[in-house]
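Work through these exercises with the sequence and the 3D view side by side. Try each task before you read its solution.

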Amino acid sequence: MARLKHVWSFATSSLFDQLTQKRELPHPTSRTFNGVSWVEAFLRLEKPSPRDKDLLDAALFFGQEISSFRRAVEDKIFPNLSRSSAIILTLALANRNFNVVKQKASDALRKHEGIAHLNTLSKIPIKTGFDGNELDVDSLITSLVDSIPNYLERAFRRDETPHCALRLNTSGIVTDFFVLSIERTLRDFWHQVLWDEWYIDDNQKEICLTPRNSELAVIWEAGLWRQESILTQTNVLDSVETRERLRSGQRIPPAVPKTITGIGGNSKSNRRFRIGDVSGASKSQRLHQAEINILSNSYLAPFLDESLKSADANLSCRLLQNVWCILRDACEILLRKNPKWELSYDAAASWSLNTDKRDLIRAISECLSEKDTVIAACIDFLSADSNISHLFSRGVWAFPIVPVGDDRLCIAFAPISSGSVIRRVEGWLAKAGFSDEAADVRRGLQFEASFRKTICELIAGNKYLTSTRCVENSVTIGGEQIDFLCKIDRRLIIGEIKCLIQPTEPMERYNYRRKLQKASDQVHRKTLILKQNWEKIARIFDIEPSTLSQFEITEIVIINNCLGTGLRFDNVIVTDDNIMKIFFGSPDYVSGLKFDLIKNQIETRSEMLYKNDAEASKSFEKIANRPVLLKNLIENTQWKRGKFPRSNGEKFQFMHCVLSETFATDDAVRFGEA
């Protein structure tokens, strides 16, 4: 098998160390950035590396752009507004623009004539309004949500001045949220250079932000698309099953039996949410159930009922998820009554989902039969932090509620409607203190035990694997604990199991790479020890020690998500629990799924991976390292150039990955994994 030789290498850089470890240089995103200090630090280097030059060029470029942007628009973002009005305007613009993106995505989907390939639902390109740029739906929504903390930070710095509380029609106010996202996007570009090793290519007519290692960038994107496809696939299959059950007259139980169904009152002062029973067949209840199913089948399942001890009440992720579902229903109710967009206080308040905090607590308490104090603690837990450091580190994906004074609140709808339920719960666990080293170890041990047990059960039920054996418990040999040990015919698989939070930010990806590299080193070290203890391995599998010298050895790192699958560290394969379960569960591999939205039909394509243990052994590395879906995604990834405004009125370009148009429209059924 061809190796990916340089994908996971880390380029050396003295400037990188001075910035990230010694903290001797200011970031270009800092208000104290000084380009002179960067130039002087570079000139002091005896032998600057190409990576040092990349960092210097990018720091000077983005430092200048960010500072120029701030000077140009800082005073126009919230001119003469109170803190409350600035918060309301921020959430109103975010929610309105999210609504625009959803509508454009819906219009684009109709062009596919009802055929939805599972990988491409969130990758439909739509125009952004700047110079003909086209970005996929996911990227636009991510940019929108990630920008919210930048503007909340400014809003939180405003005074609560009564005389300007209602002045939203101030001349010159910035009203395009994607214009407001420029600062955040420039920061993201800089972080791509810093952590993902991109660079500014100035050898063209327009300078272009480009990856040094395009292969690594493609694998990151393809891994994310594969993860989304697998999660989307669950929702689609559930939707098909629900429709068939309804046609046969079956009742669909709701995921949340009681929820917010309306709002009434003859004035703003006495408006109250109404609650009621709903059908499990409704679109909202199907989404609620799909998220519950995803969590129940994920590595997070054992933690859903854990007490979040750092909160003010005895909360759990399961309770927070139920509250989240009802919040989503409440948002849908509030959005139905939205007026046409205009720059007025009433319209902005409506679009910001500004609502009475006490009434929302009352309604959710009735729905879930919980005390008001418990639901109040949930609302506080789900609120964006006014601590600026926490606001930027946690964001609003898992914390979309923003208090406005003591008795009202606003809600960011994009994270409520479209955020990843896995990332959401990971965010809750991190806030509650479950991301410290001890918690990570405990979470990892539970995942390891559950994974091994599942693989053993799958092998036992697979009639094609008659001699394959997996060790259900970790074993200690030569002082080393072996997480995963499996024999397929004459192949010995030695694995390290890692339960890691899926990275999204460039810095998270960098740290993730380091963890995978460390895990691969552990596997290789343990393999060398096992080779010195063949007798113990032979006893475990009840075979002759002399035969082990004829075995092929496969070293793997098994992770709990799709990010990293497809790569190698030397001879160590990175794979994931999903493809491992598929491989050992059955040779009948569903490599393609296509859903016809109109006919409510699913087309599949299957292929046999193996017919016996010997064939399974032969195909294992190929499937584990490059699942068919991942391989198709990588082969159908294309690079496109986007354009971004500069402070001097010119443009610069940036490279980004898209799925090929033929992949999105081809009638071939090859876009799933089950």
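**Exercise 1. Decide whether G592 is buried or exposed, and find its partner in space.**

Step 1. G592 has a relative accessible area of 0%, so it is buried. The cut-offs are these: buried means under 20% relative accessible area, exposed over 50%, and partly exposed in between (1.4 Å probe, protein chains only).

Step 2. Before going on, note that this is a predicted model: local features need pLDDT of at least 70, side-chain atom pairs count only at pLDDT 80 or more, and totals for chains, interfaces and linings use all residues. Residues are numbered from 1 along each chain as its sequence is written, and side-chain values use heavy atoms, with hydrogens and water left out.

Step 3. Place G592 in strand β19 (residues 588-596). Helices (H or I, at least four residues) and strands (E, at least two) are DSSP runs, numbered from the N terminus.

Step 4. Now look along the chain to R605, 13 residues from G592. The C-alpha atoms of the two are separated by 4.8 Å.

**Exercise 2. Check the length of helix α5.**

Step 1. Take the expected span, which is 1.5 Å times one less than the number of residues. For the 20 residues of α5 (residues 137-156), that gives 28 Å.

Step 2. Compare with the model. The end C-alpha atoms are 29 Å apart, which agrees.

Step 3. Ask how covered the helix is. In α5, 17 of the 20 residues are buried.

**Exercise 3. Describe the second largest pocket: its volume, its lining and the domains that it lies between.**

Step 1. Know the term. On a 1 Å grid over the protein atoms alone, a pocket is an open set of points where a 1.4 Å probe fits, with protein on both sides within 12 Å along at least five of seven lines; lining residues have an atom within 4 Å of a point.

Step 2. Read the volume: about 780 Å³. Grid points are joined across faces, edges and corners, and the volume is the space filled by probe spheres set on the points.

Step 3. Turn to the lining, which holds 32 residues. N297, S298, D577, N578 and K581 lie nearest the centre.

Step 4. Sort the lining by type: 14 nonpolar, 14 polar and 4 charged. Here Ala, Val, Leu, Ile, Met, Phe, Trp, Tyr, Cys and Pro count as nonpolar, Asp, Glu, Lys and Arg as charged, and the others, Gly among them, as polar.

Step 5. Find the helices. α8 (214-247), α9 (283-296), α16 (421-431), α17 (437-460) and α20 (577-585) each supply at least two lining residues. α8 gives the most, with 6.

Step 6. Locate the pocket. Domain 2 (82-115 + 136-168 + 251-434) and domain 3 (437-640) both give residues to the lining, so the pocket lies between them. The domain bounds come from an automatic or database domain assignment.

**Exercise 4. Look closer at α20: which residues are buried, and what happens at its start?**

Step 1. The buried residues of α20 are D577, I579, M580, I582, F583 and F584.

Step 2. At the start of α20, a side-chain oxygen of D576 reaches to within 3.1 Å of the backbone nitrogen of N578.

**Exercise 5. Find the side chain that R491 touches.**

Step 1. R491 is found in strand β15 (residues 491-498). Its relative accessible area is 5%, so R491 is buried.

Step 2. The side chains of R491 and T554 are joined by a polar contact of 2.8 Å. A polar contact is a pair of N or O atoms within 3.5 Å; within protein, one must be able to donate a hydrogen and the other to accept it, and residues adjacent in sequence count only if both atoms are side-chain atoms.

**Exercise 6. Find the phi values of E197 and L353.**

Step 1. E197 is not a glycine, yet its phi is positive, about 65°. E197 sits in the loop between α7 (182-196) and β4 (198-201). At 14% relative accessible area, E197 is buried.

Step 2. L353 has a positive phi near 60° and is also a residue other than glycine. Its loop runs between α11 (345-351) and β8 (355-356). L353 is buried, at 1%.
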